[in-house]
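Thanks for coming. I have one topic today, salt bridges, and I will go through a few of them in turn.

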Amino acid sequence: MITDRPKYVCAALLTLVFVCLQVMPAAASAAIKEVTLFPDSARVEASIATPPANPRQAIILLPPQADPESLLVAPPSGGRLRIDDIRITSVTRLDEEKIARLRAKLKTARNEKKDLQARFNALDAQLLFWQAQTKAKTKTVAEADQLASAIGRSSRKIFSEKNVIEADLEKVDNEIKELQDQLNEAAGRAEKAWQAVVTLSGAASGDTLLTYSYILAGCGWHSLYRLEALPAKNSVVFSWDAEVWQSTGEDWTQVQVHLATLKPVRTIAPGDLPQWIIKPREATVYPSSRKAKSAPAMMEQANTADDAFAHTTSAPVETTLATYASWSLGKKTIPAGGRQHFKISEETWPARFLFLARPSLSPQAFLQAAIKLAKPAELPDGQASFMIDGALIGKRRFSLAGSEADIFFGVSPLVSVRSFILADQSDTTRILQNRQTRNWLWRIEAQNNGGAPVRLRIEEPMPQSRDERI
């Protein structure tokens with residue numbers, strides 16, 4: 001009887017586990033098929049099969065960064081199933097194995113920090129004790145020497161141990177920060193996920209495959225450009241990469257990836273028309289003094305006010321959902337956390353090079369490439385590296401919309417342009433007639449210290465009259 005009892009216990013436990021598996025609802029595994037990445041979000045499209053035991057109900061688990069209000073569920077096309085209800089609740093998130101390992105390491109590091117802090121506080125208490133002994137009264141000089149020696153030895157030992165613990169605390173603090181950053185990049189900060197229970201009705205045979213989509217935060221992409229000027233070949237080598245990231249806590253394995261330039265538009269209904277209220281308004285009177293605003297400034301301010309008023313009474317603007325460009329990268333694997341680079345395109349653009357100088361600003365001459373593409377391009381704003389013949393000259397923002405553009409590649413130390421005023425004269429013969437003329441004379445000097453001729457364009461501002469008497 002004693003040897004058979006464990007068998008009965010194991011059988012009972014197996015029966016209990018089987019009953020629990022039968023009673024507790026479980027969400028079927030979802031398959032992410034397609035992801036459209038926007039600059040700071042994404043639209044995820046996935047599918048899930050209803051369980052054979054209950055084909056009229058499906059449980060969809062969404063990551064914490066998902067917007068539950070954006071969830072769209074569709075039954076199989078051509079079938080007789082329809083969706084009756086979708087109920088969304090907040091649940092505790094279930095981490096993947098690597099996310100769970102990160103959380104375990106973070107917990108261990110935090111516990112280690114608590115232990116080090118406790119040891120550090122204990123050493124502080126010991127140090128206060130020995131410092132208090134300096135006030136103790138001794139009967140002889142020998143006792144005073146012994147006490148001083150004991151205080152010195154103990155204090156040195158305590159300070160030495162505190163220095164070691166301080167170094168360990170700094171090390172564990174850095175480890176905690178690094179682990180927390182890795183966890184935030186891979187899974188975000190939220191501890192709750194979303195569960196959607198979809199109720200179906202109609203005829204169903206076996207498993208039913210539901211497709212659904214939702215908007216997801218904590219992910220996105222941006223452009224990285226490389227433009228290399230080759231003046232000898234009259235061309236610019238253009239390279240475009242996409243830096244992609246996602247922090248859902250779940251790896252995207254072999255999903256169809258699209259890149260979009262604009263945020264998704266989710267407006268369902270137009271906004272309410274603003275009220276058009278006509279009423280008297282107080283006029284602003286400026287004193288006639290030298291500090292008062294000039295007439296053009298007053299007119300500009302009045303026009304700005306009128307424009308603002310007209311804007312508030314304008315009709316609603318229709319928003320088109322398909323106003324952004326999209327690039328397909330094919331099937332890619334994007335792990336949670338970290339950043340990946342994908343090549344979008346690499347081209348060679350024909351260019352006409354010249355040097356542009358504006359001597360009224362500075363004597364510097366900037367290398368300019370005038371490009372004209374065969375067809376219009378739409379390149380969103382991104383960080384670009386600019387190079388000349390393989391040498392990096394700097395980085396700055398870059399974007400392009402259209403087929404023509406002027407791209408600058410920095411300053412040439414070999415080309416300079418300077419402007420000198422030779423004459424600034426007024427005609428005084430007509431002062432009595434309340435009229436006068438003014439003559440200016442400049443000399444512009446351009447210098448090329450290179451070994452080959454260059455095209456040079458010099459620009460100076462045109463004089464503009466802001467007074468009807470001029």
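Asp-381 and Arg-397 form a salt bridge through their side chains, with an N to O distance of 2.6 Å. Keep in mind that this is a predicted model. Where do Asp-381 and Arg-397 lie? Asp-381 belongs to strand 13, residues 364–388, while Arg-397 belongs to strand 14, residues 391–426, so the pair ties together parts that are 16 residues apart in sequence. As for exposure, Asp-381 has a relative accessible area of 44%. That value makes Asp-381 partly exposed, because the partly exposed class lies between 20% and 50%.

How many salt bridges does a search of the whole structure find? The answer is twelve.

Next, Arg-457 and Glu-459. Their side chains meet in a salt bridge at 2.9 Å, again N to O. Arg-457 is partly exposed at 45% relative accessibility, and Glu-459 is partly exposed as well, with a relative accessible area of 23%. This pair also has a further connection: Arg-358, Arg-457 and Glu-459 are joined into one network by salt bridges that share partners.

Last, Arg-82 and Asp-84. The salt bridge between these side chains has an N to O distance of 3.6 Å. Is Arg-82 buried or exposed? Arg-82 is exposed, with a relative accessible area of 53%. Asp-84, at 45% relative accessibility, counts as partly exposed. The two partners therefore fall on either side of the 50% cut-off for exposed.

That is what I have; I will take questions now.

Conventions: Residues numbered from 1 in each chain as written. Predicted model: local features only at pLDDT ≥ 70, side-chain atom pairs only at ≥ 80, totals over all residues. Heavy atoms only, no water. Salt bridge = Lys/Arg side-chain N within 4 Å of Asp/Glu carboxyl O. Buried < 20%, exposed > 50% of the residue type's maximum accessible area, 1.4 Å probe, protein only. Helix = DSSP H or I, 4+ residues; strand = E, 2+ residues; numbered from the N terminus.
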